[in-house]
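Have your viewer ready and a selection box open. We will go from stop to stop, and at each one you will get something to select and a word on what is there.

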Amino acid sequence: MLPTSCRKLNHAGYECVYLEAPHLLPMTSTVEIDGKEVQRTNGERKNAKAWFLYSKTDSADATMALKEMPMEYIGLDASIQRVKECLLVRCCNNNHVNFCAILGFSQGATFCHILSKLASSAKQNNDPDSELCPFAKILCAVLLSGFPSTHHGSLVNVITKTTAHNNNNNNDND
């Protein structure tokens, strides 16, 4: 069943498309505690998925991401390809209709940060034959509870735009 907010969007005439992340997270992970390697469970969620992984050796290890230092996101190309294919099918074959927005929560917000930069680069490039062309269909991004992307890898030359982030740590109820 869809969350209430998504049902409201559907009733308001918006078509919502839900993509599944391509990377399966393992149920266990090896971590170092007091100098010893220990197996730990990564929660009870079976079939948990991710848009990218943070480590080649332990796909559930996110310790480097928590330090917000530049790093390579493993498997990012497959996720970008999944979104690109959706944009090609949903937009380019449908009278060039733009996506209204992309929405990402947690790691999905970090991924949408990358997608919004690809969209910005595609719009600047304005080349219909460019590999980035489908991303120009993204008009805006809604990012919830995520960090700015610190990806430093194959897309570093494409991702050149900066974005604004509001990390409101104010506990006031206004």
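The tour below starts in the core, moves to the salt bridges, and ends at the surface and the loops. Please keep in mind that this is a predicted model.

**Stop 1: the core**

Start by selecting Phe111, Leu115 and Phe135. These are the residues with the most contacts inside the largest nonpolar core, which has 22 residues. Which elements give two or more residues to this core? They are α3 (76-92) and α4, so colour these two helices next, as each must supply at least two residues to be named here. The most comes from α4, with seven residues. As background, nonpolar side chains in soluble globular proteins tend to be buried together.

Now keep Leu115 and show what surrounds it. Setting aside residues up to four places away in sequence, Leu115 touches Val83, Ile102, Phe135 and Ile138.

**Stop 2: the start of α4**

Stay with the helix and select Gln107. Helix α4 covers residues 107-125, and Gln107 is part of it. Is Gln107 buried or exposed? Its relative accessible area is 13%, which is under the 20% cut-off, so Gln107 counts as buried. To see some of what lies against it, add Ala50, Trp51, Phe52 and Tyr54: Gln107 is in contact with these four, leaving aside its neighbours within four places in sequence.

**Stop 3: two salt bridges**

How many salt bridges does a search of the whole structure find? It finds two, and both are worth a visit. In general, side chains of opposite charge can pair when their charged atoms come close.

For one of them, select Lys84 and Glu131. The closest N and O atoms of this salt bridge are 2.4 Å apart. The pair links distant parts of the chain, 47 residues apart: Lys84 is in helix α3, while Glu131 is in the loop between α4 and β6. Try a surface view here. Lys84 counts as buried, at 11% relative accessibility, whereas Glu131 is exposed, with a relative accessible area of 60%.

For the other, select Glu20 and Lys49. Their side chains meet in a salt bridge, at 3.3 Å from N to O. This pair, too, links distant parts of the chain, 29 residues apart, with Glu20 in the loop between α1 (4-11) and β1 (23-24) and Lys49 in strand β4 (residues 49-50). In the surface view, Glu20 has 46% relative accessibility and counts as partly exposed. Lys49 is partly exposed as well, at 28%.

**Stop 4: a nonpolar patch outside**

Keep the surface on and select Leu103, Phe105, Val142 and Leu144. Together they form a nonpolar patch on the surface, with about 390 Å² of accessible area. The elements that give two or more residues to the patch are β5 (102-105) and β6 (141-144). Zoom in on Val142, which sits in strand β6. Why does Val142 count as partly exposed? Its relative accessibility is 35%, which lies between 20% and 50%, so partly exposed is the class it falls into.

**Stop 5: the cysteines**

Select Cys86 and Cys140. Cys86 is buried, with a relative accessible area of 10%, whereas Cys140 is partly exposed at 36%. If you are looking for disulfides, the count for this model comes to zero.

**Stop 6: positive phi**

Open a Ramachandran plot, if your viewer has one, and pick out Asp34. Its phi is near 50°, a positive value in a residue other than glycine. Asp34 is placed in the loop between β2 (28-33) and β3 (36-41), and at 78% relative accessibility it counts as exposed.

Then go to Ser145. This residue has a positive phi of about 55° although it is not a glycine. Ser145 is in the segment after β6 and counts as exposed, at 59% relative accessibility.

**Stop 7: Met27 and Asn47**

For the last stop, select Met27, which is found in the loop between β1 and β2. Met27 counts as partly exposed, at 33% relative accessibility. Draw a distance from its C-alpha atom to that of Asn47: the two atoms are separated by 8.7 Å, and the residues are 20 apart along the chain.

How values were computed. Residues are numbered from 1 along each chain as its sequence is written. This is a predicted model: local features need pLDDT of at least 70, side-chain atom pairs count only at pLDDT 80 or more; totals for chains, interfaces and linings use all residues. Side-chain values use heavy atoms; hydrogens and water are left out. Helices (H or I, at least four residues) and strands (E, at least two) are DSSP runs, numbered from the N terminus. Buried means under 20% relative accessible area, exposed over 50%, partly exposed in between (1.4 Å probe, protein chains only). Contact means heavy atoms within 4.5 Å. Patches are made of residues with over 30% relative accessible area and no salt bridge: like charges are joined within 9 Å, nonpolar side chains (Val, Leu, Ile, Met, Phe, Trp, Tyr) within 5 Å. Accessible areas come from the Shrake-Rupley method with a 1.4 Å probe; for residues, only the protein chains shown count as cover. A salt bridge is a side-chain nitrogen of Lys or Arg within 4 Å of a carboxyl oxygen of Asp or Glu. A disulfide is a pair of cysteine sulfur atoms within 2.5 Å. A nonpolar core is a set of buried Ala, Val, Leu, Ile, Met, Phe, Trp, Tyr and Cys residues joined through side-chain atoms within 4.5 Å.
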